[in-house]
Structure formats: structure tokens, C-alpha cells
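Biologist: Hello! I am new to this structure, so could you walk me through a few of its features?

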Amino acid sequence: SPHIRSVDFSRNLMLEEGAQELLNTVTNWPYLTQVKLDENDAEAATLERIALLAQANQHPPGLKAMLLRYLKGEYPGSTWNMGCEDPLNYVEGRMLLYDDAAVEFTCRRVLQDSKQFDTLALGNNAVTVEGLAHVIALFEANSSFTTLDVSGNQVSDKGAEMLIKLLKDRYSVQCVLVDGNPMSQSMKEEIQ
């Protein structure tokens, strides 16, 4: 049933064919947020994809759609765009914004080792200093990223200080957009 939230397939000796079938199923189950797959014989990469897709269900639906395209090698361009304008995130008459948990998931589980992207766009969401810390860690660990848009979020002066340090430490960061955040004008100017 597509309304199942958690399944445990541990120690089932699942082979690759079964894991591929489960991967296709998880793709269509929007409520499934946890899949246990310990001690199976399928390829580790397939099992990881199943777990990632289930975890993506904890966030606005646009994130899972982006993740699916990325995992299939079909994600266009070099910008990972989590801007709030994604129509998939318009659910039951309201727009679901990406929050710190969605940003953490994306930075730590999806983009950490990717060399495809140079831009992370998070404009007009609900990202605070907590989510920004994960973005900073991503930019410090992955030198492919050179542009960041955190405009229209909830990033304070403390977050601005983190961004200023990033700009000083990582010379390859070329552009950081911060308008529309509750930070002082002097901090915005120092970032620009």
C-alpha cells in the first residue's frame, strides 16, 4: 500500500533484482520515510538509493523529484535549485518551503560528493543559521560549489558571520546572495 511509512527488509537476502523492484516501488510511495535494508545481497548503491528516496519523503515533494532526476543522471545543468517556486511543493492550497532539515539532508546525503553542481539555490525558503551551517560545511568540503543563493530566508547576523568566514577561507566562492534575510545592512554589504 502506498500509505506505508516504514518497512524492514533486513536479513531477507534480497538480491539485486528484488532491490530494483523495491526501488521502483519506493519511487511511487510518498509516505514511506524509513526502509531498513541491513544484511541483503543487493548492490550497496541500489540499497543506498532506496534509503535516500525514502528519506526524501520527509521533505517537500519537489526534493524527491530532483533526487530522482539526479539519481537517473537526468538532472539538467549545474544549479541544484531548491527555490520555493517549485510547483510540486504546492500542496493542499499552500506552498511547502524547504527548511533546515531538508537542507541538511540535501547537503549531507545528496550533494556532498557531487561534482556536477557549482550553484546551490535556496532562495525564499525557511532556512535559518542551523541549515546554513550544513551549507557552509558542504561548500568547505566540495570545491565545485562557487555560487550560493540564500536570499529570502531567515539567516541572521550570526549566519552572515559564517558566510563572511566562508568567503575569506574559500576564494573560489564567487557569489553569495543574501537579500531578504533578517541580517544587518552592514553584514549584507560585507558579504557583497
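Biologist: What span, from first C-alpha to last, does helix α5 reach?

Modeller: This is a predicted model, where local features need pLDDT of at least 70, side-chain atom pairs count only at pLDDT 80 or more, and totals for chains, interfaces and linings use all residues. Residues are numbered from 1 along each chain as its sequence is written, and side-chain values use heavy atoms, with hydrogens and water left out. Helix α5 (a DSSP run of H or I, at least four residues, numbered from the N terminus) covers residues 129–141, 13 in number. At 1.5 Å times one less than its number of residues, 18 Å is expected, and the helix comes close to that, reaching 18 Å.

Biologist: Thanks! Which elements are included in what covers the buried residues of α5?

Modeller: Buried means under 20% relative accessible area with a 1.4 Å probe, protein chains only. In α5 the buried residues include L132, V135 and F139. Covering is judged by contact, meaning heavy atoms within 4.5 Å, and the cover includes α4 (100–110), β6 (119–121), β7 and α6.

Biologist: Is N153 buried or exposed?

Modeller: You will find N153 in the loop between β7 (147–149) and α6 (157–169). Because its relative accessibility is 1%, N153 counts as buried.

Biologist: Which backbone oxygen lies 2.9 Å from a polar atom of the N153 side chain?

Modeller: Leaving aside neighbours within four places in sequence, N153 is in contact with several residues, including G123, G180 and P182. A polar atom of its side chain lies 3.2 Å from the backbone nitrogen of N125. The oxygen at 2.9 Å belongs to L122.

Terms used: Helices (H or I, at least four residues) and strands (E, at least two) are DSSP runs, numbered from the N terminus. Buried means under 20% relative accessible area, exposed over 50%, partly exposed in between (1.4 Å probe, protein chains only). A polar contact is a pair of N or O atoms within 3.5 Å; within protein, one must be able to donate a hydrogen and the other to accept it, and residues adjacent in sequence count only if both atoms are side-chain atoms.
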